[in-house]
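Please open the model in your viewer and keep the sequence panel beside it. The tour below goes from one selection to the next and says what is to be found at each stop.

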Amino acid sequence: MFKKIFLFVSILLITSLILGEAQQEVKLVFWQHGTGLEETEFYRKRIEDFNKAYKGKINVEFVVIERAGGMGYEEKVNIAAASGELPDIMALDGPYTAVYAEAGILRPLGDLIDKTHLQDIVPSIIKQGTWNGKLYALGSMESSVAIYYNKKMFREVGIKNIPTSVDKAWTWDEFYNVCKKLKQKYPLAIVGLSGGLDEWLTYMATPFVWSNGGDIISPDGYKAEGYLNSPQTVEALTKVQQLFKEGLTAWDTGGLSFEKGQVPMMLSGPWGAIILKNFPEIEWGIIPYPKFKVHASPTGSWQWGITTKCKNPKEATEVIKWMTNADTVKGLCKVTGMLPTRKSVYLAFPEFSKLPLYILKDQLLKSGHPRPSTPAYLNLTVEFQKAYADIMQGADPKATLDAAAKRVDTYIQRQFKK
Amino acid sequence: MSSKKKEMLYGYLFILPALISLGIFMIYPTIKTFYYSLTDFYMLKPQSINFVGLSNFKFLFSDYTITNAIKNTFYFVIISVPVQTLLALLYAIFLNQMFIGRSIARTIIFSVSVIPGVAVANVWKMLVSSDGYINYFLKLLGFPPQPFLNSTSQAMNTIIAMVVWQAAAGQMMIFLAGLQDIPKSLYEAAEMDGANFLQKLIYVTIPGLRNIFNFILITSTIGALGIFTGPFIMTAGGPRGATETIFLKFYQIFVLQKDVGLGAALILVYFIIALILAIIQRKFVGEERQVVVEG
């Protein structure tokens with residue numbers, strides 16, 4: 001009898017050991033939006049390396065979801081949120097932080113991630129991933145937009161005092177005078193201030209507003225009246241409108257381009273430098289955004305967060321830490337040409353320490369301003385884009401922004417009862 | 001069970017699959033849309049859907065951008081439907097004549113209608129852009145360049161021109177089939193009575209195409225009310241809202257801003273407009289008629 005019990009207990013013990021061992025490997029699902037081929041392959045490789053490093057403990061399934069010409073990835077996230085089929089970890093665009101956090105899709109990282117991991121990260125990334133005082137997401141690359149200029153064309157017109165850092169940035173009036181001077185010789189002074197109705201308009205144009213001391217939404221993210229139509233916002237966009245009115249730039253640039261050497265200035269991000277490699281005959285440099293009162297420049301990029309559906313947030317945090325450590329940041333920025341989100345990693349990128357690309361890094365560290373953190377971002381950005389487009393095509397700035405602010409507030413009232 | 005009852009049962013069984021799919025894919029979503037239009041459903045928060053009465057509809061009609069979109073859509077329908085129908089009829093009459101190269105001409109004109117709308121819109125966008133071919137030829141002929149898509153007064157008309165150009169090509173085929181259905185004996189009788197080309201057109205051709213007219217007017221009106229691709233690709237609703245349409249606004253509210261309640265309310269407004277127009281047209285053009293020819 002005793003023998004039998006002993007046998008039974010030992011079988012039980014062995015089975016539980018085997019099962020326990022198998023259960024210890026935590027399985028996580030990781031969603032990445034489809035991007036450039038090389039970039040996606042880089043993510044896949046990093047996840048493979050993670051699985052090797054954490055063998056027996058954590059296993060991550062890497063899933064790429066195509067954007068299908070625009071909103072495919074976001075649609076998939078919506079449907080998954082509604083049907084309770086969210087992954088454990090997901091990629092999201094910068095301004096979606098508050099939207100997803102408020103909707104209960106993301107869980108805060110704050111209590112799981114140690115401070116030492118965050119120390120080295122640029123402030124714009126922390127700000128972008130934060131809503132309501134809590135950190136929800138982290139990313140490994142950053143962006144900035146600055147003015148690319150044609151050195152030869154600047155020489156021909158005799159433009160001097162070209163700024164070499166954010167501290168020496170032109171004021172708006174100085175920039176305006178340069179535009180006027182360039183217009184005397186060239187069909188347009190600058191391109192890049194227009195585009196289709198998409199995120200570019202919000203991303204590129206909001207720094208003009210912040211630079212003038214204005215904003216597009218209240219700090220808590222729930223009120224547009226008094227911000228989107230504040231006197232500072234109206235003034236900033238009226239000044240940008242002047243460039244259009246006086247033909248210094250145009251909404252439809254009629255195929256005129258910086259790359260072909262027809263226009264002396266263009267607004268563009270780090271990708272501008274990559275494109276310009278195909279145009280070796282253009283001798284170009286970069287100057288910072290002009291400033292109104294304080295300097296402000298665009299930032300923002302995709303990042304990763306943990307969903308509320310994740311049952312193993314501790315293990316998921318390990319994945320986020322891995323995807324935002326120095327090795328990942330270094331590898332990713334080598335592949336994409338974007339700005340590293342870790343200050344220490346800049347040592348591996350000497351090109352960002354000297355002109356022209358230095359300007360992008362200088363802007364990011366000194367004046368980088370992510371888009372606002374608000375649950376109403378989806379509505380706000382569409383209304384801002386439309387208002388900006390209308391104003392630059394001749395609409396009255398004050399009336400347009402008043403109407404836009406009212407619409408945003410109606411929406412906030414409907415969805416968030418604020 | 002009597003054989004008649006059995007037959008009826010079989011009949012119902014045969015239409016059952018169609019009824020089920022109709023129920024799942026048409027009737028159920030329609031009822032759901034009615035329901036959602038009375039709620040504040042926000043796509044990211046399916047757990048909290050509140051009944052808000054008619055406030056969505058009140059908001060729709062108080063928002064200038066939406067009433068403007070409805071107005072633009074009406075303008076588009078009122079201009080594009082008659083013009084494209086007339087053009088299609090002219091194409092069909094022309095291509096119904098006997099001449100050398102008729103099949104080639106038919107193929108060329110019809111081929112326009114099989115190009116995807118997105119491709120057409122992109123090609124036209126290039127053609128009418130400020131540095132496009134049309135402005136290039138205008139300059140050669142000594143005319144000033146036109147701002148087509150950048151002018152609040154020209155943008156919608158440019159889109160109408162594109163849609164008419166493409167839609168007329170497809171409708172031409174239907175008219176052509178209708179023309180060939182008109183009995184030759186009617187024309188012979190008219191000729192005997194000394195009718196000329198115009199009289200034959202007014203007294204034989206057009207009455208003979210009555211059913212076709214009815215069909216084309218209703219389908220093209222409903223199609224035109226749903227105008228989206230052209231403005232979406234060519235102008236994104238601009239400049240300054242001049243080409244904003246109901247469906248473009250729906251895309252903004254439903255897809256971009258994820259406001260299901262407001263989106264459902266807007267689509268119901270669209271549905272009611274389409275229904276009213278269809279009823280008016282049926283009354284105006286009249287019931288379908290059979291042309292009976294005794295031979």
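A residue is called buried here when its relative accessible area is under 20%, exposed when that value is over 50%, and partly exposed in between. The model on the screen is a predicted one, and the stops that follow should be read with that in mind.

Begin by selecting chain B as a whole: of its 295 residues, 41% count as buried. Coloured by secondary structure, chain B shows 13 helices and zero strands. The radius of gyration of chain B is 24 Å, well over the 19 Å that the globule rule gives for 295 residues, and chain B is therefore more spread out than a compact globule. If you turn the C-alpha trace of chain B along its principal axes, the spans are about 85 × 75 × 30 Å. Among the contacts in chain B with a separation of 6 or more, 68% are between residues 24 or more positions apart. With the surface switched on, chain B exposes about 16900 Å², of which carbon and sulfur atoms supply 70%.

Stay on chain B and select Asn96(B), Gln97(B), Leu179(B), Lys184(B) and Tyr187(B), which, of the 15 residues lining the second largest pocket, are the closest to its centre. This pocket has a volume of about 500 Å³, and the elements of chain B that give two or more residues to its lining are helix H3 (64-96), helix H7 (155-181), helix H8 (184-192) and helix H9 (197-208). By class, the lining of the second largest pocket has six nonpolar, four polar and five charged residues.

Next, select two residues of chain B for their backbone. Arg240(B), in the loop between helix H11 (229-234) and H12, has a positive phi of about 50° although it is not a glycine. Lys258(B), in the loop between H12 and helix H13 (260-285), likewise is not a glycine and has a positive phi, of about 60°. Which of the labels buried, partly exposed and exposed belongs to Arg240(B)? At 40% relative accessibility, Arg240(B) counts as partly exposed, whereas Lys258(B), with a relative accessible area of 1%, is buried.

Now bring both chains into view and select Asn379(A), Glu383(A), Phe59(B), Gln257(B) and Leu262(B), which lie nearest the centre of the largest cavity among the 14 residues that line it. Helix H15 (377-392) and helix H16 (397-416) of chain A, together with helix H12 (246-256) of chain B, are the elements that give two or more residues to this lining. The volume of the largest cavity is about 100 Å³, and its lining has five nonpolar, four polar and five charged residues.

Then move to chain A for the second largest cavity, which holds about 50 Å³ of space; residues to select from its lining include His33(A), Tyr43(A), Met141(A), Trp302(A) and Trp304(A). Strand E14 (302-307) and strand E1 (26-33) of chain A each supply at least two residues of this lining, and E14(A) gives the most, with three. The lining of the second largest cavity divides into six nonpolar, three polar and no charged residues.

For the last stop, select Leu355(A) and Pro356(A), where the peptide bond from the former to the latter is cis, with omega near 0°. Pro356(A) is placed in the loop between strand E15 (339-340) and helix H14 (358-367) of chain A. Most peptide bonds are trans.

Definitions and conventions. Residues numbered from 1 in each chain as written. Chains lettered and ligands numbered in written order. Predicted model: local features only at pLDDT ≥ 70, side-chain atom pairs only at ≥ 80, totals over all residues. Heavy atoms only, no water. 1 Å grid on protein atoms, 1.4 Å probe; cavity = no way out; pocket = protein on both sides within 12 Å on 5 of 7 lines; lining within 4 Å. Points joined across faces, edges and corners; volume = space filled by probe spheres on them. Helix = DSSP H or I, 4+ residues; strand = E, 2+ residues; numbered from the N terminus. Nonpolar A, V, L, I, M, F, W, Y, C, P; charged D, E, K, R; others polar. Rg over C-alpha atoms; globule rule 2.2 N^0.38 Å. Buried < 20%, exposed > 50% of the residue type's maximum accessible area, 1.4 Å probe, protein only. Contact = heavy atoms within 4.5 Å. Areas by Shrake-Rupley, 256 points an atom, 1.4 Å probe, with all protein chains shown as cover.
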